[in-house]
Structures are given as structure tokens and as C-alpha cells.
Amino acid sequence: MEKAFNAAYSSKGITVKVTPIPNINDALKAGFLSKKLPDVVMIDGPNMANYVWSGQLSPLDAYLDKAMLSDLLPAIRAQGTYSPDGKMYSISPYDSTVLLWGNRKYLQQAGVRIPKTVKDAWTLTEFQDALSKLSKVKGVTWPLDLKLNYSGEWLSFGFAPFLQSCGADLINRKTWQATGALNSAASVKILTTLQDWKKKNWIVPQSGGDNRFYGDKSAALVWVGNWMWRDHKAGLGKDLVLIPAPKFCGNKQASPNGGWSWAMPQSSVSKQEAGTFINFAMSTRQVAQYADITGYIPSRKSATPLSKVYGKGGEGELMAEQAGSIAVVRPVHPAYPVISKSFGDAVLNILNGANVKAELDKAAGAIDRDIASNKGYPPFNKSR
């Protein structure tokens with residue numbers, strides 16, 4: 001991208017140097033304090049609201065191509081928009097999703113139907129029936145891997161869809177109160193179901209490690225995102241099959257979305273030129289190339305047909321369908337780090353046998369107390 005941009009714009013007096021930074025979140029925090037930052041940075045999408053609230057980012061609206069904005073996937077646009085002022089502060093060249101990856105051999109031996117489209121997805125009853133049948137297949141120790149070996153944001157990113165597909169959420173997006181949403185009856189019911197699956201030994205335990213699905217193949221299904229694509233393909237080859245996010249409550253479905261995004265620090269002294277680079281990085285061709293090289297979903301509708309991976313008939317077509325139809329943006333609020341950690345801690349405790357309602361009550365209370373204690377939070381758009 002750097003080479004292509006400089007070839008196109010050096011004659012106009014604009015060049016870019018792209019530098020990978022280890023421990024980027026720590027580097028950003030230090031840079032925001034010292035006011036010593038590049039003209040363009042990449043930030044993790046859900047951190048945007050906190051950076052804007054603390055005055056660290058410049059709005060991008062004046063620099064972004066309007067046609068490009070209208071071409072974005074809806075959830076990507078929502079991720080970059082700060083609702084108190086309605087302005088866009090970050091923009092991602094890709095989207096991510098989480099779905100079920102299956103071992104075709106095990107599914108066929110179990111006589112389980114393999115859905116191929118979002119509309120064709122399993123219902124909760126079908127999913128449970130599949131897990132029961134897979135548990136009896138020779139070679140399967142656990143029917144399902146939920147990546148409990150992961151920590152941090154995975155526990156909110158990966159498990160929020162179970163609630164959201166049942167009409168609940170990590171927080172009420174109108175009142176910005178967690179109580180009544182996170183600890184609702186729907187939340188308790190679906191997480192009790194997951195807890196029951198764990199008790200039946202249907203879920204790979206936290207101590208099970210990372211490669212039960214693609215390594216020793218002792219797990220038949222795994223719920224995880226497209227960052228695992230290379231490992232899964234290498235491990236299963238032609239036995240690898242993609243399965244859409246299940247309909248956990250009636251016909252409702254949800255999948256998480258979002259990713260690292262381009263942003264402009266408030267301290268930038270070359271905002272116009274920075275905007276030129278971001279528009280280039282977000283061009284249809286660059287977004288399509290980004291997708292095929294990294295394995296992440298194109299964030300622009302016009303880029304998807306250009307992608308060998310995500311275009312019509314491509315291996316990732318189902319992922320692109322999910323990102324464009326059932327993606328739910330993470331709460332765009334400065335309190336997101338607290339929302340994420342509180343729910344994540346509750347999920348782990350629940351799957352380890354704790355009382356479901358008590359854990360969700362505790363998490364909702366922690367989130368509400370944090371938001372209430374920060375009187376400097378602006379009023380958030382009631383429609384978001």
C-alpha cells in the first residue's frame with residue numbers, strides 16, 4: 001500500500017511511511033500523552049469512543065470521499081461514528097465475523113445437515129441436536145470449541161451474539177444502562193443453555209488449548225472468527241466447512257463485527273494529506289487487496305466482487321453475507337472497556353459453574369456504576 005500510494009502521489013508532494021508498531025495500544029497511550037504521534041494511526045475499532053471522549057482524535061468527515069462512505073457496510077460505518085456529535089472518527093478497511101467452522105467428515109458421520117447460507121442456519125434445537133449426535137462420533141471428544149483458551153475482548157466479542165440473537169444485549173443502546181439488558185431473562189436463558197452444554201462436556205474446556213479443532217481434531221465444531229482461516233485450512237483441508245451463525249431464538253441471528261481502523265490524531269499537522277492517504281487506503285481496489293492478503297472481509301460493498309476470497313463463489317462468501325446482513329456493532333461508548341471486561345468475566349464464571357443470574361447482575365451493576373461515576377460522558381444519541 002505504501003509503495004502504491006507513493007507512486008501515485010509523490011509527484012504531488014505527498015508521501016507516506018507505514019511503520020508497524022509492537023504493543024500498539026501502549027504506544028498509542030504514550031503518544032496521546034506526549035502529543036507525538038504520526039499523522040495517521042490504526043486503532044482498534046471499539047476503542048474509538050474512549051479516544052474521542054478524551055479529546056485525542058480529529059473527525060474525518062471533511063476529508064473522506066462521500067461516495068466511499070455510502071459504500072461502507074452499515075456496521076463498519078456505525079463502528080466509526082461517535083453518536084454525541086454524529087461525526088466519523090475512524091474507518092476500517094475490513095470487517096470481521098464469527099461463525100461455526102465444522103469438520104465435514106464428522107458432520108457426515110453424525111448425519112447432521114450442513115447449512116450454507118445465513119437464512120438456512122440451524123435453529124437452537126437443530127444446533128443442540130447436532131451437538132448431541134456429534135458427541136457420539138468416534139474421534140470426537142468435544143462437539144464444540146468456544147475458544148475458552150482466549151482471554152480479553154474475545155469473551156465479549158464472541159459471546160455477545162448469543163444474547164443479541166435473543167433480543168438482549170451487553171447494554172441498552174438507548175438508555176446506556178446495562179441493568180435490564182445484560183441481566184434480562186433472555187440473557188439468563190441463553191447463557192444457562194451454554195452452561196448446560198459445558199456440564200454435558202460438549203465444550204472444550206479452558207485448559208484444552210487452541211488446536212483441538214484443527215490439530216488433533218478432537219473437536220467437531222468451533223465458534224471463532226476469520227483470523228483462524230489459515231490454521232483451519234492447513235489442518236482440515238477439504239474437510240473444512242463454514243456454517244452460518246445459528247438462530248438461537250426463533251429466526252433471530254447476530255454476529256460480531258469490526259476491526260482495526262484508520263484514524264487521525266488531533267495532534268496531526270498534516271490533516272489534509274492524511275485524509276488523502278486514508279481515502280487511498282479505503283479505495284475499492286486497496287480494500288479488495290487487503291481482504292485477499294489478510295483474509296478479512298472487505299468493508300466496502302464494491303470491493304467484495306473484486307475479491308477472489310469473498311466474491312461470488314469464493315471461499316469466504318458466507319462470511320461476507322454475514323457481515324452485510326447480521327453484524328451487530330460493539331457498543332460505541334467510552335465505557336466499552338468496562339462493558340467488555342465485566343461481561344467477559346461473567347461468561348467465564350458462568351461456564352465454570354457460577355449462578356447465571358447472579359453473575360449477570362454483578363456485571364450489569366459494575367457497568368452502570370462506571371457510567372454513572374463518569375459525569376463527563378456526553379449525552380449519547382438515543383437512536384443508536
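## Second largest pocket

Helix H11 (229–236), strand E9 (240–243) and H14 (317–325) each contribute at least two residues to the lining of the second largest pocket, and the largest share, four residues, belongs to H14. Helices (H or I, at least four residues) and strands (E, at least two) are DSSP runs numbered from the N terminus. The structure is a predicted model, in which local features need pLDDT of at least 70 and side-chain atom pairs count only at pLDDT 80 or more, whereas totals for chains, interfaces and linings use all residues. Residues are numbered from 1 along each chain as its sequence is written, and side-chain values use heavy atoms, with hydrogens and water left out.

This pocket holds about 530 Å³ of space and is lined by 22 residues, among which Leu242, Gly314, Glu315, Glu317 and Leu318 lie nearest its centre. By class, its lining has nine nonpolar, five polar and eight charged residues, where Ala, Val, Leu, Ile, Met, Phe, Trp, Tyr, Cys and Pro count as nonpolar, Asp, Glu, Lys and Arg as charged, and the others, Gly among them, as polar. A pocket here is an open set of points on a 1 Å grid over the protein atoms alone, where a 1.4 Å probe fits, with protein on both sides within 12 Å along at least five of seven lines, and lining residues have an atom within 4 Å of a point. Grid points are joined across faces, edges and corners, and a volume is the space filled by probe spheres set on the points.

## Largest pocket

The largest pocket has a volume of about 730 Å³, and of the 27 residues that line it, Val18, Thr19, Val40, Val41 and Trp262 are the closest to its centre. Two or more lining residues come from each of H1, helix H2 (24–34), strand E1 (41–44), E11 and H12. The lining divides into 20 nonpolar, three polar and four charged residues.

## Helix H12

Helix H12 (residues 271–281), one of the elements that line the largest pocket, is mostly covered, with eight of its 11 residues buried (under 20% relative accessible area, as against over 50% for exposed and in between for partly exposed, with a 1.4 Å probe and protein chains only). The buried residues are Lys271, Ala274, Gly275, Thr276, Phe277, Ile278, Phe280 and Ala281. These buried residues pack (contact means heavy atoms within 4.5 Å) against helix H1 (2–9), strand E4 (90–91), strand E11 (260–263) and helix H13 (284–294).

## Salt bridges

The structure holds 13 salt bridges, each a side-chain nitrogen of Lys or Arg within 4 Å of a carboxyl oxygen of Asp or Glu. One of them joins the side chains of Asp71 and Arg300 (2.8 Å, N to O), and this pair links distant parts of the chain, 229 residues apart, with Asp71 in the loop between helix H4 (66–70) and helix H5 (74–80) and Arg300 in the loop between strand E12 (297–298) and helix H14. Asp71 counts as buried at 12% relative accessibility, and Arg300 is also buried, at 10%.

Lys147 forms a salt bridge with Asp210, with the closest N and O atoms 2.9 Å apart; the two residues are 63 residues apart and lie in distant parts of the chain. Lys147 is buried, with a relative accessible area of 1%, whereas Asp210 counts as partly exposed at 26%. Arg113 forms a salt bridge with Asp120, the closest N and O atoms being 3.0 Å apart, and these two residues are linked with Glu126 in a network of salt bridges. Arg113 is partly exposed at 34% relative accessibility, as is Asp120 at 33%.
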